[in-house]
Amino acid sequence: MPVHLRAEPGHYAPNVLCPGDPVRATYIAQKFFDDVEHVNAERGMHGYTGTFNGEPISVQTTGMGCPSSGIVFEELAMLGAQRLIRVGTCGGLQDGMTMGDTVIGVSASADDTTPLRYADMAGYAPTASFGLAATAVTRSAASGTNVHVGPIVTSGLFYDPDPNTFARWKRLGHLGVEMEAAMMYTIANVKGIESLAMMTVSDLLADDGSTERISDAELKAGVDRMMEIACEVAVS
Ligand code: HPA
């Protein structure tokens, strides 16, 4: 039994959805899963196992940032996870993005030292599993969701004192910023398991460093749209 996920092999399904927020983990299990079992509550990092369309599936909270989420991704791999799907939010960086859009991160630049320390290679490029990204793109297009597919950036800072950071990330083509995907991609690649990060745009980040935040109602609608697709990708 690992230190933070107080579960045994077999308590989690091979396919695990990974939100940062424990409240969202409980919401996902209640709204999208059948036959739900609560498999972890340690440190309030709730985890649940159930079924989606008759297939086994789990959801496990990661907490915020690479150090917290890295512990959870590592322990999920120890417990037999074969596929990790991060379901979170991101700040949108490119022109033409709107609140509630879905972002699929094909790669996650590490603007945080934790994934690179784990990879032990300075220029390492944390990358999603192509098959999962392709499935997510196909399903999103079929659902009519507004979806953006491309590179994202994983930051160690939510509150960055430098007003030029958003423009610097945008110049390199990043679609959005979040705080966990590069850690997940690195650990999944080292362990030889699959992973993909899907995010709902919850903030719009301007070149001058200013931010605009989504309303609670828009966020819920955007997350629900993304979750239908994420559950299908998880069990595909
Ligand atoms: N920065 C980092 N992570 C985020 C943001 C952001 O603006 N919005 C949602 N996750």
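This report describes aromatic pairs, salt bridges and a few individual acidic residues in a predicted model.

## Aromatic pairs

A pair of aromatic rings is described by the distance of the centres and the angle of the planes. The structure holds 3 aromatic pairs. In one of them, the ring centres of Y27 and F32 lie 6.5 Å apart and the planes meet at 85°, so this pair is edge-to-face. The two partners differ in their surroundings, since Y27 is partly exposed, with a relative accessible area of 25%, whereas F32 is buried, with a relative accessible area of 8%.

Another pair, formed by F166 and W169, is tilted, with 6.1 Å from centre to centre and 35° between the planes. These two residues are 3 residues apart in helix α5, which covers residues 165–171, and they are therefore separated by about one helical turn. Both F166 and W169 are buried.

## Around F32 and D224

The ring of F32 also has a charged neighbour, for the charged end of K31 sits over this ring, 5.8 Å from its centre. F32 therefore takes part in the edge-to-face pair with Y27 and lies beneath the charged end of K31 as well.

Y27, K31 and F32 come together again in the contacts of D224, which touches these three residues when its neighbours within four places in sequence are left aside. D224 is found in helix α7, made up of residues 216–234, and it is buried, with a relative accessible area of 14%.

## Salt bridges between distant parts of the chain

A search of the whole structure finds 10 salt bridges. One of them joins the side chains of R86 and E178, with a distance of 2.7 Å from N to O. R86 lies in strand β5 (residues 83–92) and E178 in strand β8 (residues 176–178), so the pair ties together parts that are 92 residues apart in sequence. Both R86 and E178 are buried, and these two residues are linked with E180 in a network of salt bridges.

Helix α5, already met through its aromatic pair, also contributes to salt bridges. D111 forms a salt bridge with R168, the closest N and O atoms being 3.7 Å apart, and this pair links distant parts of the chain, with D111 in strand β6 and R168 in helix α5, 57 residues apart. D111 counts as partly exposed at 34% relative accessibility, and R168 likewise counts as partly exposed, at 41%. The side chains of K170 and D207 meet in a further salt bridge, at 3.2 Å from N to O. Because K170 lies in helix α5 and D207 in the loop between β9 (194–205) and β10, this pair ties together parts that are 37 residues apart in sequence. Here the partners fall into separate classes of accessibility, as K170 counts as buried at 17% relative accessibility, while D207 is partly exposed, with a relative accessible area of 44%.

## D112, a buried acid without a salt bridge

D112 lies in the loop between β6 (102–111) and α3 (113–119). Although D112 is buried, it has no salt bridge, and the nearest side chain of opposite charge, that of R117, is 11 Å away. For a salt bridge, a side-chain nitrogen of Lys or Arg would have to lie within 4 Å of a carboxyl oxygen of Asp or Glu.

The side chain of D112 nevertheless has a polar partner, as a polar contact of 2.7 Å joins it to the side chain of T114. Not counting residues up to four places away in sequence, D112 touches C66, T154, S155 and G156.

## E212 in strand β10

E212 is found in strand β10, which consists of residues 211–213, and it counts as partly exposed at 48% relative accessibility. Leaving aside its neighbours within four places in sequence, E212 is in contact with M99, S202, D203 and L204. The fold also places E212 and G91 at a distance of 9.2 Å from C-alpha to C-alpha, although these two residues are 121 residues apart in sequence.

Definitions and conventions: Residues are numbered from 1 along each chain as its sequence is written. This is a predicted model: local features need pLDDT of at least 70, side-chain atom pairs count only at pLDDT 80 or more; totals for chains, interfaces and linings use all residues. Side-chain values use heavy atoms; hydrogens and water are left out. Rings of Phe, Tyr and Trp (its six-membered ring) pair if their centres lie within 6.5 Å; planes under 30 degrees apart count as stacked, over 60 as edge-to-face and the rest as tilted. Buried means under 20% relative accessible area, exposed over 50%, partly exposed in between (1.4 Å probe, protein chains only). Helices (H or I, at least four residues) and strands (E, at least two) are DSSP runs, numbered from the N terminus. A charge sits over a ring if NZ of Lys or CZ of Arg is within 6 Å of the ring centre and within 35 degrees of the ring normal. Contact means heavy atoms within 4.5 Å. Lys and Arg count as positive and Asp and Glu as negative; His and the chain ends are not counted. A polar contact is a pair of N or O atoms within 3.5 Å; within protein, one must be able to donate a hydrogen and the other to accept it, and residues adjacent in sequence count only if both atoms are side-chain atoms.
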